[in-house]
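Reader: I should like to learn how the features of a protein model are read. Might we go through them one by one, with the general idea before each case?

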Amino acid sequence: MDGLSKTSQFLKESSEEAVNKIKEGAEKLSAAGPVAKEKVIEVVNDVLAVLPILEQVGYRTNEFKIGMSIAPVIEISFSRFLNVSEEEVEKIKKEQEEKTMFNMILSMLETANSISGKLETDNFDFHETIVEISVPPKVSLRYVNKDLKKTEIHLLGDDE
């Protein structure tokens with residue numbers, strides 16, 4: 001068997017395996033019982049309940065997305081819009097100490113804010129912090145190219 005045939009066979013087997021994995025995942029997702037779906041709703045409601053409190057400590061929610069997969073993911077993007085005193089933040093933390101979701105997200109935001117303040121780049125500006133509520137949770141820092149801010153972007157098919 002020559003190199004091209006081997007590569008072709010490998011790609012065929014790999015794509016068949018990928019399709020099977022996708023089918024398995026889709027079956028597991030559609031088979032998720034009412035208890036699993038209720039748990040997702042409960043977590044989403046917990047997240048939504050703490051968003052106004054996070055705004056009190058200076059983090060505005062830009063948007064949130066819910067990704068449905070075997071392990072659902074809630075992705076929330078935040079911008080720091082207000083510098084709140086350390087005393088005020090500590091007071092709100094104390095008031096909300098029983099809200100695990102609030103404390104987890106705030107901790108991630110504070111860590112990300114600390115890191116973003118130390119990163120320097122000439123071509124990019126810090127834009128937002130993205131928190132993923134999943135297993136395990138994840139935080140991302142989003143930087144946007146400075147030149148993109150100067151350019152008006154039109155979507156294809158936008159005739160207005």
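Author: Let us begin with accessibility. A residue is called buried when its relative accessible area is under 20%, exposed when that area is over 50%, and partly exposed in between. Glu75, with a relative accessible area of 23%, is therefore partly exposed. Please keep in mind that this is a predicted model.

Reader: What share of the 160 residues do buried residues make up?

Author: Buried residues make up 22% of the 160 residues in the protein.

Reader: Which elements does the protein contain, and how do they run from the N terminus on?

Author: The protein has five helices and four strands. Read from the N terminus, their order is α-α-β-β-α-α-β-β-α.

Reader: What is the order of the strands in the sheet?

Author: Two strands count as paired if at least two bridges are found between them. Here the four strands form an open sheet in the order β1-β2-β3-β4, and the pairing is antiparallel. Strands β1 (59–67) and β4 (138–145) stand at the edges with a single partner strand each, so one side of each has no neighbour in the sheet. On average, neighbouring strands of this sheet are turned by 25° against each other, direction ignored.

Reader: Which helix packs on the sheet?

Author: That is helix α4 (residues 100–116), which touches β1, β2, β3 (124–133) and β4. The direction of α4 makes about 155° with that of β3.

Reader: How many bridges pair β1 with β2?

Author: Strand β1 and strand β2 (residues 73–80) are paired in the antiparallel sense over eight bridges. Within the sheet, Glu63 stands opposite Ser77 in β2.

Reader: How are β3 and β4 joined?

Author: A hairpin of four residues leads from β3 to β4. These two strands run antiparallel and are joined by eight bridges. Val131, for instance, has Val139 in β4 as its bridge partner.

Reader: Where do the side chains of a strand point?

Author: In a regular strand the side chains alternate between the two faces of the sheet. For a case in this structure, consider Thr129, which is found in strand β3.

Reader: Is Thr129 buried or exposed?

Author: Thr129 counts as buried, at 5% relative accessibility. Leaving aside neighbours within four places in sequence, Thr129 is in contact with Ile76, Ser77, Phe78, Leu109, Ala112, Val139, Ser140 and Leu141.

Reader: How should a salt bridge be read, and what is the count here?

Author: The idea is a side-chain nitrogen of Lys or Arg within 4 Å of a carboxyl oxygen of Asp or Glu. By this rule the count is eight salt bridges. One of them is formed by Lys65 and Glu75, with the closest N and O atoms 3.7 Å apart. This pair links distant parts of the chain, as Lys65 lies in strand β1 and Glu75 in strand β2, ten residues apart. Lys65 counts as partly exposed at 44% relative accessibility.

Reader: In which helix do Glu95 and Lys91 lie?

Author: Both lie in helix α3 (residues 86–95), four residues apart, or about one turn of the helix. Glu95 and Lys91 form a salt bridge whose closest N and O atoms are 3.9 Å apart. Glu95 is partly exposed at 44%, and Lys91 is partly exposed at 46%.

Reader: Which residue forms a salt bridge with Lys94?

Author: The partner of Lys94 is Glu97, and their closest N and O atoms are 3.8 Å apart. Lys94 is exposed, with a relative accessible area of 56%. In addition, salt bridges link Glu90, Lys93 and Glu110 in a network.

Reader: How many aromatic pairs are there?

Author: Planes over 60 degrees apart count as edge-to-face. The count comes to one aromatic pair. Phe126 and Tyr143 form this edge-to-face pair, at 5.4 Å centre to centre and with 70° between the planes. Phe126 lies in strand β3 and Tyr143 in strand β4, so the pair ties together parts that are 17 residues apart in sequence. Phe126 is partly exposed with a relative accessible area of 30%, and Tyr143 is partly exposed at 24%.

Reader: Which ring does the charged end of Arg60 sit over?

Author: The charged end of Arg60 sits over the ring of Phe81, 3.8 Å from the centre of that ring.

Technical notes
Residues numbered from 1 in each chain as written. Predicted model: local features only at pLDDT ≥ 70, side-chain atom pairs only at ≥ 80, totals over all residues. Heavy atoms only, no water. Axes fitted to C-alpha atoms, helices over the stretch in contact; angles between N-to-C directions. Contact = heavy atoms within 4.5 Å. Buried < 20%, exposed > 50% of the residue type's maximum accessible area, 1.4 Å probe, protein only. Phe/Tyr/Trp six-rings, centres within 6.5 Å; stacked < 30°, edge-to-face > 60°. Lys NZ or Arg CZ within 6 Å of the ring centre and 35° of its normal.
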